[in-house]
Amino acid sequence: MENDNTSAFEGFILVGFSDRPHLELILFVVILTFYLLTLLGNMTIILLSVVDSRLHTPMYFFLANLSFLDMCFTTGSIPQMLYNLWGADKTISYLGCAIQLYFVLALGGVECVLLAVMAYDRYAAVCRPLHYTVIMHPRLCGQLASMAWLSGFGNSLIMAPQTLMLPRCGHRRVDHFLCEMPALIGMACVDTMTLEALAFALAIFIILAPLILILVSYGYIARAVLRIKSAAGRKKAFNTCSSHLIVVSLFYGTIIYMYLQPANTYSQDQGKFLTLFYTIVTPSVNPLIYTLRNKDVKEAMKKVLGKEEAEIE
């Protein structure tokens with residue numbers, strides 16, 4: 001108990017990539033670049049969805065939520081990561097670790113549910129086009145977005161304290177570059193089977209249930225698209241959903257591997273690079289995916305840039 005109290009006062013040591021010092025400077029530059037791209041891209045999506053009336057639709061309402069979520073997610077983890085990569089100090093305070101763990105878990109959960117909500121929106125747009133505005137009315141959109149945010153933060157409210165309260169027998173070295181649940185559970189000096197079972201049960205509701213809803217939605221969408229006789233119609237329907245499908249594939253591919261495998265098979269090196277991928281790469285490419293593959297966003301950007309050019313002239 002004395003050792004645990006000491007670690008609570010002194011905090012933790014984020015080992016990160018300190019065993020590969022030649023990589024740290026390269027990673028610092030790469031991560032900083034991706035972070036700036038994430039902020040720029042997602043802020044652009046949010047601003048466009050606000051200023052352009054053509055983007056005042058359910059799809060862009062949820063996309064703005066996703067962009068805000070990605071900005072919060074990266075800001076909650078990357079600044080500390082950059083600080084630890086830049087110098088010899090690899091520490092993080094106990095409070096800082098607790099806050100980071102809570103928001104990483106919460107925002108990851110929010111994204112899982114939000115992607116399912118966006119899949120339902122695409123189902124309504126493709127399969128029920130004549131009733132779309134009635135189904136996806138503003139009140140329902142607000143309720144669905146609120147459900148996503150509340151479920152993610154509720155899940156973290158359960159798992160984060162349980163993870164932090166595990167006895168660690170004075171161990172302070174976290175073999176990771178952020179305070180993430182699998183790495184912290186791996187530090188415990190007691191049997192964690194009960195906590196892992198709880199984490200798996202909650203993951204079914206936060207990760208697997210939304211994924212099943214996404215797959216069911218796209219099953220109906222695929223059936224509706226195959227019934228469209230014209231090639232132009234099928235292409236339009238595919239373009240409506242392709243950006244979301246790419247984002248779902250990138251996000252869920254890493255999350256499922258990270259959180260649904262047994263702890264005894266968890267590889268720290270694999271975990272670090274997978275976490276690096278969904279922490280810095282996915283949030284930065286989301287705006288790019290939606291911008292490049294979405295005509296409305298590109299037109300809105302041209303309109304805003306055109307106004308700015310006119311003002312300069």
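Student: Where is the place of Asp52?

Tutor: Look at the loop between helix 2 (21-51) and helix 3 (58-75), and you will find Asp52 there. Keep in mind as we go that this is a predicted model.

Student: What makes Asp52 count as buried?

Tutor: Let's set the value against the cut-off. A residue is buried when its relative accessible area is under 20%. Asp52 has 1%, so it is buried.

Student: Which residues is Asp52 in contact with, leaving aside its neighbours within four places in sequence?

Tutor: Two residues: Ala300 and Lys303.

Student: Why is Lys295 called exposed?

Tutor: The exposed class begins over 50% relative accessible area. Lys295 reaches 62%, so we call it exposed. You will find Lys295 in helix 12 (residues 295-312). In the fold, its C-alpha atom is 9.3 Å from that of Asn239, a residue 56 places away along the chain.

Student: Now for helix 3. How do you know that Leu63 counts as buried?

Tutor: Try the test you have just seen. Buried needs a value under 20%, and Leu63 has a relative accessibility of 3%, so it passes. Leu63 lies in helix 3. Beyond four places in sequence, Leu63 touches Ile45, Met118 and Tyr290. Its C-alpha atom is 9.5 Å from the C-alpha atom of Asn42, although 21 residues separate the two along the chain.

Student: And Thr254, what makes it buried?

Tutor: Its relative accessible area is 5%. Since the limit is under 20%, Thr254 is buried. This residue sits in helix 10 (residues 231-259). Leaving aside neighbours within four places, Thr254 makes contact with Leu274, Phe277 and Tyr278. One of these, Tyr278, is 24 residues away in sequence but 6.8 Å away in space, C-alpha to C-alpha.

Student: How much of the protein chain do buried residues make up?

Tutor: Of the 313 residues in the protein chain, 47% are buried. The chain holds 12 helices and 3 strands.

Student: Why are helix 7 and helix 9 called roughly antiparallel?

Tutor: Begin with the angle. Helix 7 (residues 138-164) and helix 9 (residues 193-227) pack at about 170°, and 11 Å lies between their axes. Angles over 145 degrees count as roughly antiparallel, so these two helices earn that name.

Student: Which residues of helix 7 and helix 9 meet?

Tutor: From helix 7 come Ser151, Asn155, Ile158, Met159, Gln162 and Thr163. From helix 9 they meet Leu195, Leu198, Ala199, Leu202 and Ile206. Sorted by class, this contact has 7 nonpolar residues, 4 polar ones and no charged ones.

Student: What else is in contact with Ala224, leaving aside its neighbours within four places in sequence?

Tutor: Ala224 is found in helix 9, and its contacts of that kind are Val126 and Cys127. The distance from Ala224 to Arg128 is 9.6 Å, C-alpha to C-alpha, with their positions 96 residues apart in sequence.

Student: Which members of the largest nonpolar core touch the most other members?

Tutor: That core has 53 residues, and the members touching the most others are Phe62, Leu66, Leu115, Met136, Ile214 and Tyr252. Helix 5 (residues 94-127) gives the largest share of this core, 13 residues. Take Ile214 as an example: leaving aside neighbours within four places, it is in contact with Leu115, Ala116, Ala119, Val248 and Tyr252. Another core, of 22 residues, lies apart from the largest one; Phe12, Leu105, Leu166 and Ala199 are among its members.

Student: How do you know where confidence is lowest and highest in the protein chain?

Tutor: Compare the mean pLDDT of the elements. Helix 1 (residues 2-10) is lowest at 49, and helix 7 is highest at 93. Over residues 1-7 the pLDDT is below 50, and this stretch has 8 contacts in the model beyond near neighbours in sequence. It also stays under 50 over residues 308-313, where the model has 0 contacts beyond four places in sequence. For the protein chain, the average pLDDT is 82, with 88% of the residues scoring at least 70.

Technical notes: Residues numbered from 1 in each chain as written. Predicted model: local features only at pLDDT ≥ 70, side-chain atom pairs only at ≥ 80, totals over all residues. Heavy atoms only, no water. Axes fitted to C-alpha atoms, helices over the stretch in contact; angles between N-to-C directions. Helix = DSSP H or I, 4+ residues; strand = E, 2+ residues; numbered from the N terminus. Parallel < 35°, antiparallel > 145°, perpendicular 65-115°, else oblique. Contact = heavy atoms within 4.5 Å. Nonpolar A, V, L, I, M, F, W, Y, C, P; charged D, E, K, R; others polar. Core = buried A, V, L, I, M, F, W, Y, C linked by side-chain atoms within 4.5 Å. Buried < 20%, exposed > 50% of the residue type's maximum accessible area, 1.4 Å probe, protein only. pLDDT = per-residue confidence, 0-100.
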